[in-house]
Every structure is written in structure tokens, then in C-alpha cells.
Amino acid sequence: LQSGSKMEEVKREGIDLYLAVDVSNSMNAQDIVPSRLDRSKQAINRLIGDLKGDRIGFIVFADKAFVQLPITTDYPAARMFLSTVSTKSVASQGTAIRLAMKSFADNESSKAIVIISDGEDHDNESAVKAAEEAAKKGVRIYTIGMGLADGAPIPEFNAAGQQIGYRKDRQGNTIITRLDENMLKRI
């Protein structure tokens with residue numbers, strides 16, 4: 001009978017992680033309190049607190065996508081940039097996956113993209129194709145759906161940030177935005 005233990009030092013390799021945050025107007029919907037976007041930012045803040053040696057970056061997207069914060073280990077800076085994310089971050093309301101792929105450093109780090117979105121109003125086929133291309137290169141894609149299937153109206157705000165009503169279609173009906181879970185699953 002032989003027993004014993006062996007101490008072994010394991011070096012944890014950090015990952016490069018881009019968080020792609022949907023900042024389209026539908027993310028202002030309040031079916032998740034306080035809003036889809038605010039709840040997304042709260043979850044990202046908690047995630048930043050759990051990172052150890054991983055590199056993180058933010059991409060904001062609606063019709064177009066922009067790198068809000070390049071990949072970094074500067075977590076206080078990440079929190080500061082996160083606080084500035086709003087539905088005004090993108091002037092026009094592309095896929096964030098292709099932008100993340102271009103923005104990753106060419107190194108051996110594991111790479112992942114987390115898309116936080118309600119899945120609505122985006123070029124769906126283009127996003128699925130971009131996800132397939134990323135997967136072929138070994139990049140993992142995760143989606144987090146923000147919103148409820150029942151949906152909610154999209155609030156409209158004045159310049160002072162006060163809610164003045166809800167977005168309406170051309171016939172004057174209040175627009176209801178709903179989580180498109182199927183789209184996010186396809187991605």
C-alpha cells in the first residue's frame with residue numbers, strides 16, 4: 001500500500017475576452033429592471049470583479065459596431081469605460097463578432113466573445129455567418145439574452161434624460177420589443 005500527495009504548481013492562462021454589448025434603443029426596455037442595458041452593465045461589473053489575469057475589452061453595437069475599450073487587464077479602466085456605455089454610444093442604430101475578431105491580438109491566448117443582446121433588429125444571417133467563421137478559428141462565442149419573451153415598450157427620453165413616452169410605429173401604435181432567443185441560440 002502506498003499513499004502520498006504531490007504539490008504541483010499550475011499556471012493559469014488568462015483568456016482574451018471581448019464583451020459585445022447591444023446598445024440599440026430596444027435595450028432601454030424595462031421588462032428587466034431597471035432596464036436591459038443597465039442590468040447588462042451590472043452583470044459585466046460583477047464579471048470584472050471575478051477576473052484574474054484575463055484580458056477584457058468592450059465592443060458596443062447597434063447597426064454599427066465600435067471598440068469601446070481595447071483588450072486590457074486594467075480592470076478599473078474597464079469599469080470606467082463600462083459606466084459610459086449607453087444607447088447613445090453608437091450614432092446609427094454590423095456585427096460585433098467580425099470587429100472582435102479583427103481586434104484580438106495575434107497570440108496563443110484562448111479567445112472568447114460574449115454577446116449581450118435582446119437579439120432584435122440586427123443583421124441576423126450576417127451574425128450567424130460571422131459566428132461560424134469565428135468558431136472555425138477556435139474562438140468561443142457565448143450569447144446572453146436580455147429581455148423577456150413577453151417584451152416591453154421602448155421608452156423615449158428628452159435631452160434632459162426624462163422619459164417622455166414610448167416609441168411608436170407609423171400608425172401610432174406603441175412598439176413592443178421582445179427577446180429573440182432563437183436568434184441568439186443560432187449565433
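In the predicted model, R36 is buried, its relative accessible area being 0%, and its side chain takes part in a salt bridge with D31 in which the closest N and O atoms lie 2.8 Å apart. A salt bridge also forms between the side chains of R36 and D118, with an N to O distance of 2.8 Å. D31, R36 and D118 are thus linked in a network of salt bridges. The acidic partners are buried as well, D31 having a relative accessible area of 15% and D118 a relative accessibility of 0%.

Across the whole structure, a search finds 5 salt bridges. Among them is the contact between R55 and D16, for which the closest N and O atoms are 2.9 Å apart. Because R55 belongs to strand 2 and D16 to strand 1 (residues 15–22), this pair ties together parts that are 39 residues apart in sequence. With respect to solvent, R55 counts as partly exposed at 27% relative accessibility, whereas D16 is buried with a relative accessible area of 1%.

Strand 2, which spans residues 55–61, pairs in the antiparallel sense with strand 3 (residues 65–72), and the pairing extends over 5 bridges. The connection from strand 2 to strand 3 is a hairpin through 3 residues. Within this arrangement, I59 stands opposite V67 of strand 3.

Contacts that involve aromatic rings were examined as well. K111 lies over the face of F104, at 5.9 Å from the ring centre, and the count of aromatic pairs comes to 1.

Terms used:
Residues are numbered from 1 along each chain as its sequence is written. This is a predicted model: local features need pLDDT of at least 70, side-chain atom pairs count only at pLDDT 80 or more; totals for chains, interfaces and linings use all residues. Side-chain values use heavy atoms; hydrogens and water are left out. Rings of Phe, Tyr and Trp (its six-membered ring) pair if their centres lie within 6.5 Å; planes under 30 degrees apart count as stacked, over 60 as edge-to-face and the rest as tilted. A charge sits over a ring if NZ of Lys or CZ of Arg is within 6 Å of the ring centre and within 35 degrees of the ring normal. Two strands pair if DSSP finds at least two bridges between them. Helices (H or I, at least four residues) and strands (E, at least two) are DSSP runs, numbered from the N terminus. A salt bridge is a side-chain nitrogen of Lys or Arg within 4 Å of a carboxyl oxygen of Asp or Glu. Buried means under 20% relative accessible area, exposed over 50%, partly exposed in between (1.4 Å probe, protein chains only).
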